Amino acid sequence: MAIAGSNMIQNNGSGQGAVSQTSRSRTYRTGNTTLSLREGQVLKGVVSDVHGSRITLDLGEGASFTGELEDASNYSIGQKAGFRVASLEDNRIVLKAYGDNYLLGMDDTVDQALEEAGLPKTDRNLDIVQSLLENGRSISKESIMNAIRLTSKFPTSGVDAIITMDRLGMSMTENSVRQFEQYKNGSHQLLYKMDSLTDSIAEMLTSVGEKVPRLSAQVGTELIRLALSSAPSLEEATLIHEKTLPGEAEIPTFFDAEGKPVPTETLLKLSGEDMMLTDAEGKQFSLQDALKALADASPEISERLSELDPDKNTELTDEEAALVTDTGEEAAQSSDPGALSRMKNLFNNITDSAAGAFRHAVAQSGMAEDFRTPFIHEQVGYSLSPEERDSFSNLLKDYSVSEELKKAVADGTATTRELLGELQKQLPKLSDEDAGKLISNKSFQSLIKSQFMTNWTLSPEEMKEDGAMRRIYDKMNQQFGSLEHFSETTLGKDLFTDLSGNAKDMNQNLDFMKALNETFQYMQLPIKLQNQNAHGDLYVMTRKENLRKNPNKLKAVLHLEMDHLGTLDIHITRENTAVTAAFYTDRADTEALFSKNMEMLKDAINEQGFAFQGTMNPKEKDVDIVKDFLASEAPVGDMKRYSFDLRA
């Protein structure tokens, strides 16, 4: 068969492709045709397969051949390019790239693939072929037909999400595909979904308070109970401890793996068990150490503890038995921390010293005032303005609330937990009308929102605690589930579909994140900073098999979105004690702040025993969880949305 002139470049003359009179030539059988090649000949066609250093070129009309190309990995299936036959020795076809003059655009390749498959060029078919190309899949007729059948199962979803999930071997349901699309388009952030969820809580309270006030006390009381079902944060526990009067006996409270307080009676029953607990400050205690702390705080507990017979069997309730089992499973799971925990430990080691250097840098910058607030998130003063506090304090005058609490509300120093706990006691005593006014009050709703947001976010200090991320995800999962069925369980029917729908979406987001981590290692970080909440994404770029071979070599990307610093991507690489960090920002003032103080940051981290190098770079684009994270280990600033020509 003669090769069509459109696919072959003539080489007469002295140009780059000129053929020597002594060049070898070979004839090959390909399909139902024969193909004649000679050294120096230049051909162009569509790449139909790439495997190692071997590349297959489709010349059209059923003719194709496979040759060896040193940089074959630079090409992808569906790409059109020109090659020169460098050698035909020993029956091997050795190729050399022939410039970039014959690259076919994505649209041309997609059109050509559908034409050869005899399929209509509908918008969905065009998207399917383009997605197959971007995922490195074959664009043969069989492959396209399989993709069409697969995507038809999810007609309301985008084809790229479906084909990408299929490539990754992820299980697909309507919910999982929808969540994957949210992750792809950047609408997956838990922090922003939390705002929508708490807004729907406020709408529910307003609706009940204004339309069915007879249910206000019941709804308000139950919602406060749910909001207060989490243990105090580290910052709140510290504040409470500081407010304790000198000499006043303080019996410590210990919490189980889910953040629920464990009664002292239960701890005494479990005295012979091996389990871990946390105190109000997030510190971990063995059961024996917890009992010792209780004994030190209370002579009565000390006496009872001394009377316990360790050889005597104590009958445990089902709940107490489950507590022992769950804690044992938790200890087993934590024996291998995994890449995310290793990365967290690295962040903890370098950020302790860096934090002081950064605060000093901020204090010297023009942004200093933006970073100051007199209240922590858990205080009323953080949630309410001075005017709102005055108004709410006046509202409390009609309730049997202590003058001390009223004053603390007015000056903002009362904790939200303290105030909501008191209101929980007051609600059943109020008339239907007054209860309705209370739960419809915007300040009351702001306090409820603030308490839930505190439950679902972690400060940088809390993140350092072992198991902190697991505990907060468990807490979110539990409370999202309760909110999803809140009106149904409280009122007997699901009246508030927005609340249920938002809570359900949040839980599905958490479930999908667990599924994602079976394929790659990623975690959302809902961070509670000094005067704002910030969304973060932690991507561990190092593949799992590489981590097993070299656990001391890690690559990660930390993506942060903050009010005052803007969007910040930090690409961190660690190999033993050598740490490099590349910072990428889209704001000139943030870049100037970091650049000016990079040496200070370097010195602070080096003092911790690391050899640190840092660079500041302009940010080109957002992290793309599919195209960048799954397909590349390049720094964020260098990540590209791959066009069809990977070499361009």
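Let me begin with strand S14, residues 553-562, and strand S15, residues 566-575, which in this predicted model pair in the antiparallel sense over ten bridges. If you want to follow the pairing residue by residue, you can look at His559, whose bridge partner in S15 is Asp569, and then at Lys555, whose bridge partner in S15 is Thr573. Between S14 and S15 there are three residues, and the two strands form a hairpin. For those who have not met sheets before, strands of a sheet pair through backbone hydrogen bonds, and they do this in either a parallel or an antiparallel way.

Now let us stay with S15 and turn to its other partner. S15 also pairs with strand S16, residues 578-585, again in the antiparallel sense and over eight bridges, and here His571 has Ala582 in S16 as its bridge partner. S15 and S16 form a hairpin as well, with two residues between them, and in that turn Asn576 has a positive phi of about 60°. How many of the ten residues of S15 are buried? Nine of them are, and the strand is therefore described as mostly covered, where buried stands for a relative accessible area under 20%.

We can now step back to the whole sheet, which is an open one of six strands in the order S12-S13-S14-S15-S16-S17, with mixed pairing. Its edge strands are S12, residues 521-528, and S17, residues 611-618, each of which pairs on one side only. On average, and ignoring direction, neighbouring strands of this sheet are turned by 15° against each other.

My next topic is the aromatic rings, for which the count comes to eight pairs. In one of them, the rings of Phe254 and Phe285 have centres 5.2 Å apart and planes at 70°, so this pair is edge-to-face. Phe254 belongs to strand S9, residues 254-255, and Phe285 to strand S11, residues 284-286, so the pair ties together parts that are 31 residues apart in sequence. Both Phe254 and Phe285 are buried. A further pair brings us back to S16, since the rings of Phe583 and Phe594 have their centres 5.2 Å apart and their planes at 40°, so that pair is tilted. Phe583 lies in S16 and Phe594 in helix H25, residues 588-596, so parts that are eleven residues apart in sequence are tied together, and Phe583 and Phe594 are both buried. Ring pairs also link Phe180, Tyr183, Phe512 and Tyr522 into a cluster.

Let me move to a single residue, Lys193, which is placed in helix H6, residues 190-211. Is Lys193 buried or exposed? Lys193 is buried, because its relative accessible area is 13%. Its side chain makes a polar contact of 2.9 Å with that of Gln182 and another, of 2.7 Å, with that of Asp505. Beyond its neighbours within four places in sequence, the residues in contact with Lys193 include Ser187, His188, Met506 and Asn509.

Finally, a word about confidence. The mean pLDDT of the protein is 76, and 75% of its residues reach 70 or more. Confidence is highest in helix H19, residues 442-455, at 95, and lowest in strand S1, residues 8-9, at a mean of 35. Over residues 1-21 the pLDDT stays under 50, and the model has 38 contacts beyond four places in sequence for them. Where pLDDT is low, the predicted coordinates should not be read in detail.

Note on methods:
Residues numbered from 1 in each chain as written. Predicted model: local features only at pLDDT ≥ 70, side-chain atom pairs only at ≥ 80, totals over all residues. Heavy atoms only, no water. Helix = DSSP H or I, 4+ residues; strand = E, 2+ residues; numbered from the N terminus. Buried < 20%, exposed > 50% of the residue type's maximum accessible area, 1.4 Å probe, protein only. Polar contact = N/O pair within 3.5 Å; in protein donor to acceptor, adjacent residues only side chain to side chain. Contact = heavy atoms within 4.5 Å. Pairing = 2+ DSSP bridges. Axes fitted to C-alpha atoms, helices over the stretch in contact; angles between N-to-C directions. pLDDT = per-residue confidence, 0-100. Phe/Tyr/Trp six-rings, centres within 6.5 Å; stacked < 30°, edge-to-face > 60°.
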